[in-house]
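Dear colleague,

Please find below the structure I promised to pass on to you. After it I have written out what was found, beginning with the chain as a whole and then turning to individual residues.

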Amino acid sequence: NELDSLDKNVFGTTINIKCPVLHFLPYCLDELIVPINPAKLSKDDHEIHIVFVGHLGIDDDWMYPIGRLINSGIHLHVYSRTTYLSKEESGYILKHSGERYRNIFSNRYFHSHEQLPQEALANEISKYDYGYWGNSFTKRTKYLTLATGNKFSTYLEAGIPMIYSKNFEYIDKILEGYGINISIESKEIDDLKRILNNLDYNKLI
C-alpha cells in the first residue's frame with residue numbers, strides 16, 4: 001500500500017536520504033484553539049474519557065489495543081470517517097464493519113460519534129481528558145518514528161494531552177520538551193487506567 005511504498009522508497013530500504021530534511025509540522029491554527037474546558041465528562045462520572053479522531057483501522061495492531069483499553073474501564077470516544085467517502089457511506093462502513101468490530105461496538109466504554117468539520121472539532125473534543133493516537137504498538141519503521149499527523153495539532157488545539165505509542169519517537173521528542181508526553185508501550189495498555197490516575201492532570205494542561 002501507499003505507506004509501505006513510502007517506507008520502502010523514501011524512508012528506508014531503497015532510497016537513503018542523507019541530506020538535511022526540512023519538515024513542516026502540522027501547526028495549530030490560532031482560530032481553532034479553544035480555552036481549556038472545565039466541563040469535562042469525567043467531572044460528572046469520575047471516569048476517564050479518551051477521544052480518537054481519525055480513520056478506524058481494521059488490523060490487529062489497531063484493534064487489539066482498543067479492545068484492551070475499553071475492557072480496562074476507560075471510555076473511548078471515536079470521531080471517524082473513511083477517506084473520500086461521504087458522511088453516509090462512512091457511517092455505513094462504521095456500522096457494518098463485521099465481526100471484528102462487533103464486540104468493540106457492544107462495549108459500553110466505546111462511543112462512536114458523528115464526524116465533524118475541522119473548525120468544530122477542537123471545541124467538541126475539549127470535553128474529554130486525553131487524545132488517543134493508539135496504533136503502531138508492534139510496528140516500528142522509520143515512517144512511524146518520524147511521523148506526525150493532523151491529530152497532533154487537533155488535540156493541542158483542544159487543549160487535551162495525548163496518549164500515543166512509544167514508537168512515535170518524533171512526536172515524543174516534541175512533547176517531552178513541554179512536559180506533556182504520555183507515551184506507552186503495548187504491555188502498559190492494561191495498566192493505563194492506573195498510570196493516568198497517578199498523573200497530575202493540571203500540570204499536563
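The accessible surface of the protein chain comes to about 11,900 Å², and 53% of that surface belongs to carbon and sulfur atoms. Please keep in mind while reading that this is a predicted model. The chain has 205 residues, of which 43% count as buried, and it contains 11 helices and 6 strands. If one takes the contacts between residues at least 6 apart in sequence, 78% of them join residues at least 24 apart.

A search of the whole structure finds 4 aromatic pairs, and two pairs are described here. In one of them, tyrosine 130 and tyrosine 201 have ring centres 5.4 Å apart and planes at 85°, and because an angle over 60 degrees counts as edge-to-face, the pair is given that name. This pair links distant parts of the chain, since tyrosine 130 belongs to strand β4 and tyrosine 201 to helix α11 (residues 201-204), 71 residues apart. Tyrosine 130 counts as buried, with a relative accessibility of 4%.

Tryptophan 133 and phenylalanine 168 form another aromatic pair, a tilted one, with 5.1 Å from centre to centre and 35° between the planes. Tryptophan 133 lies in strand β4, whereas phenylalanine 168 is in the loop between β5 (162-165) and α9 (169-176), so the pair ties together parts that are 35 residues apart in sequence. Both partners are buried, tryptophan 133 with a relative accessible area of 6% and phenylalanine 168 at 3% relative accessibility.

Histidine 49 is found in strand β1 (residues 49-54) and is buried, with a relative accessible area of 4%. Its side chain makes a polar contact of 2.7 Å with the side chain of aspartate 45. Not counting residues up to four places away in sequence, histidine 49 touches Leu41, Ser42, His75, His77, Tyr128, Asp129 and Tyr130, and the last of these names is the tyrosine that pairs with tyrosine 201.

Finally, serine 126 sits in the loop between α6 (118-125) and β4 (130-133), and with a relative accessible area of 1% it is buried, because the cut-off for that word is under 20%. A polar atom of the serine 126 side chain lies 2.8 Å from the backbone oxygen of asparagine 123. Leaving aside neighbours within four places in sequence, serine 126 is in contact with Val34, Asn37, Lys40, Ala158 and Ile160.

With best wishes

Terms used
Residues numbered from 1 in each chain as written. Predicted model: local features only at pLDDT ≥ 70, side-chain atom pairs only at ≥ 80, totals over all residues. Heavy atoms only, no water. Helix = DSSP H or I, 4+ residues; strand = E, 2+ residues; numbered from the N terminus. Buried < 20%, exposed > 50% of the residue type's maximum accessible area, 1.4 Å probe, protein only. Polar contact = N/O pair within 3.5 Å; in protein donor to acceptor, adjacent residues only side chain to side chain. Contact = heavy atoms within 4.5 Å. Areas by Shrake-Rupley, 256 points an atom, 1.4 Å probe, with all protein chains shown as cover. Phe/Tyr/Trp six-rings, centres within 6.5 Å; stacked < 30°, edge-to-face > 60°.
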